[in-house]
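Have a look at the structure below and turn it around a few times. We'll walk through it together, one part at a time.

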Number of protein chains: 2
Amino acid sequence: MSITDTVLARIDATFEAAQQRWIDWLRIPSISAQPAHAADCRAAAAYACAELASLGFDATVRETSGHPVVVAHHPGPVGAAGKVPHLLYYGHYDVQPADPIELWHSPPFEPTVVDGPHGKRVYARGAVDDKGQVQMWLSAFRAWHEETGGMPCRISVLIEGEEEVGSTGFKPFVEANREEFNKADIIVVSDTGMWDIDTPALSTSLRGMVYMDVVLKAASRDLHSGMYGGSALNPINALATALGQLKNAEGRVMVPGYYDGVRDISTRQSNQWAALGFSEDKYLGDIGLSEPYGEKGRGALERLWARPTCDICGIWGGYSGPGTKTVIAAEAGAKVSFRLVPGQEPGKVVNGFKAFMQARVPKDAKLVFTVHGEAEGLEIPVDSPFVQAAAAVLEEEYGRPAVMIGCGGSIPIVETFQKALGLDSLLMGFGLDDDQVHSPNEKFEVRCFRQGLRSHARLLGRLGGA
Amino acid sequence: MSITDTVLARIDATFEAAQQRWIDWLRIPSISAQPAHAADCRAAAAYACAELASLGFDATVRETSGHPVVVAHHPGPVGAAGKVPHLLYYGHYDVQPADPIELWHSPPFEPTVVDGPHGKRVYARGAVDDKGQVQMWLSAFRAWHEETGGMPCRISVLIEGEEEVGSTGFKPFVEANREEFNKADIIVVSDTGMWDIDTPALSTSLRGMVYMDVVLKAASRDLHSGMYGGSALNPINALATALGQLKNAEGRVMVPGYYDGVRDISTRQSNQWAALGFSEDKYLGDIGLSEPYGEKGRGALERLWARPTCDICGIWGGYSGPGTKTVIAAEAGAKVSFRLVPGQEPGKVVNGFKAFMQARVPKDAKLVFTVHGEAEGLEIPVDSPFVQAAAAVLEEEYGRPAVMIGCGGSIPIVETFQKALGLDSLLMGFGLDDDQVHSPNEKFEVRCFRQGLRSHARLLGRLGGA
């Protein structure tokens, strides 16, 4: 029996406790977007820090200009410096807001274990994104620590609290502490998904993102629509008119220069993805839709993984309560996200969107833009030893090869790590498409959690030669 | 000294008390649109009922399917039945919601008396619309009652609590009690405005209204924009695309058949309105705008009084809190108001809007419409003896002739009265354009209140031959 095997046995024997640590962490409503939850963010950081400290890590909660970050270091096997790789684990303890709260079947911060088609699952905000995924590697560390008294690799840890709000304090923190982290060999990130519950996946491309608020200001005050309708600029009409032109009938984003630098996928890539047998009918049918709403003439996986898009994530203005209010609002606003692919420049998209809006609103409309985040799309080299090692342990755990997929979502910090630290990332995640990430009733399958935990433990063993 | 003169003298001598009754009524937050304020609506009705009962009226609060209605009758001078006119006063005790509450300089339901350019003014939600205007005629009744022990005319009263929400319970109430009210000769309505603070006005045309909610439903749940962006129907994008086409570049409303039945104004009307010397630059400049946002090639007063229009009064969908949430919402909605002019059929506009939307959304979009109100535009005959009497008393009070104007707003109940009771309305109101009706910081000038009260007392005297 190898050391790794004894560690895996210990994981199985102590699995209840790992699940409990995950659930306890989920009880903390660490919503980074809402200032009222700042203390909860700090509590969630303290929770992870205490776990790491108990595992022989030099662990601290460090301040940033935003929510704090958990930093930890472990020297690895004694005398092994330079002989085992140095892994930098990254994750985030912050979660998305829970609204619309009324659509949750159980309270978002009271984790609820329910039977599902794949066995038990846990419902809670953050169940998978990202507390569940982080707790997998924390518990893998614990199993190695308890079984061997140490770690098979040298390890550093960064768990931030601003992933859901653009990492505005975390990014400068990483840059300011570059020397502390750039000695690692690879970043290990668990914030992505599997192909399906039986098929592990490694993500080798990530979309980037530009996320902006636009507020259109018109009259100096709210107006009575009877007294001013037909004369006064209505900011909701004007905003709808401009935003309504963001996509043309072919589904192309009409922001000037938007597709500059976007490359078509290779035939090899196209064939690989086609071989996955993805059913767009099922993918859409599962959410009650029947036809794609995107660029015409592109495959579903291509649109999701290799094409940029644009979604209005929120819109507001005027009266939205019950009944009627005959008002012309003074202003209206929207939140617009652009998913970017490699080749697009975020700064150009920001300026292009500003120009797009400015060209489509009346003279009296004052536009106010806020940029919440800018990240380039990213490709991960598939032939690195770390990707190869991860593929090997996933095949051991699942009994079938891992597939190399794209990821429609953004992990903007991966770009920061590449730029600030010169390090690539290994994206090994265990979420499923129906985990309702960012939606009401977010969940994570206990089976995914367990096999993810075991896969992380295996990876440490393989890379450490144990 | 005529009896009317002694009544006017009493009004001046007891003016403080009238102002106090107005202010006390304003303290009751009778917001009809918000179910939480149902008890306040009932309290506001009880307040008016008690006033009328104390003036010799047979006054009751009667139930409807919505908020209750105050009904009162006074027989007028003894033995004068048939010799004096029977006037039916209509008003409403309900008010608009106060939001956005943070823009109020003083609490909306704590009436605040402040010095302004025209003397004192009272700030409160409902200051003018319509509690202030109703309290003018209630106080005119009181002066006649206290001075003469009775009323110079036969009087009926209807004060409803659903004017701001489409009068859904009040309209069937009027129809069901037609026999109780259709013996009157005219409806007196004080819910309109003056030309300016020195120039009284009678409104002889009113725009109608259709007010609808439209909700666009897409996926069965909120989605992560990274996992579904580019494939899943985004209801906010789709709603903006459809609503953004409501007006073309010429400011014309693009709902099919929208202008059917709309007549151009006569040269006489056009000349009359031109003679008013209305400055659109000032009208727009006062609210921080510089150019009209409406039908090209039409005058400002024509657009306001004689042309239909369309304003989106509210829009919502997705995440509108601080920071970012990368979500594709399951649904998005808007509130859309159409101001109608005589000749347009509300039912056709409702169906036209439905067809307009249906033709502009993707196949998977489910549209849900709610119609909150339908009212035709209306013209009032200017040669009726009641309009002539009102013009005469206004000239007495103000020392200059009243102008006959249109009204951009809607008083849908006037149409109901014409249809259900066969009665015309006399629209004699005392609001000013800058009263911020339906906006934060609604106010009413004490001078307008006082001269309006005196004008109402004069009208009773003239019509009663006193």
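A:G318 stands opposite B:G314 in β11(B), so let's start right there, where two chains meet. Strand β11(A) and strand β11 (residues 309-318) of chain B are joined by five bridges and run antiparallel. Strands count as paired if DSSP finds at least two bridges between them. Strands themselves are DSSP runs (E, at least two residues), helices are runs of H or I with at least four, and both are numbered from the N terminus.

Keep in mind that this is a predicted model, in which local features need pLDDT of at least 70, side-chain atom pairs count only at pLDDT 80 or more, and totals for chains, interfaces and linings use all residues. Residues are numbered from 1 along each chain as its sequence is written, while chains are lettered from A and ligands numbered from 1 in the order in which they are written.

Now zoom out to the whole interface. Here 84 residues of chain A are in contact with 85 residues of chain B; contact means that their C-beta atoms, placed from the backbone, lie within 7 Å. On chain A's side, β11(A) gives the largest share, nine residues. What about the two copies as a whole? A rotation of 180° with 0.0 Å of shift along its axis lays chain A on chain B, with an RMSD of 0.1 Å (a least-squares fit on C-alpha atoms of residues with pLDDT of at least 70 in both). The two copies are thus related as by a two-fold rotation axis. And because 100% of the interface residues of chain A are also interface residues in chain B, the copies meet through the same surface.

Next, find helix α2 (residues 15-26) in chain A. A:A18, A:Q19, A:W22, A:W25 and A:L26 are buried there, meaning that 20 or more other C-beta atoms lie within 10 Å of their own (exposed is 12 or fewer, partly exposed is in between, and C-beta atoms are placed from the backbone). Seen down the helix axis, these buried residues fall within an arc of 125°, so they line one face of α2(A); the arc is that of the directions from the axis to the C-beta atoms. They pack against α3, α4 and α15 of chain A. On the other side, A:E16, A:A17, A:Q20 and A:D24 are exposed.

Finally, visit strand β3 (residues 86-92) of chain B. Seven of its seven residues are buried, so β3(B) is largely enclosed by the rest of the structure. Seven bridges join β3(B) to β6(B), running parallel, and B:H92 stands opposite B:E160 there.

Terms used
Two residues are in contact if their C-beta atoms, placed from the backbone, lie within 7 Å.
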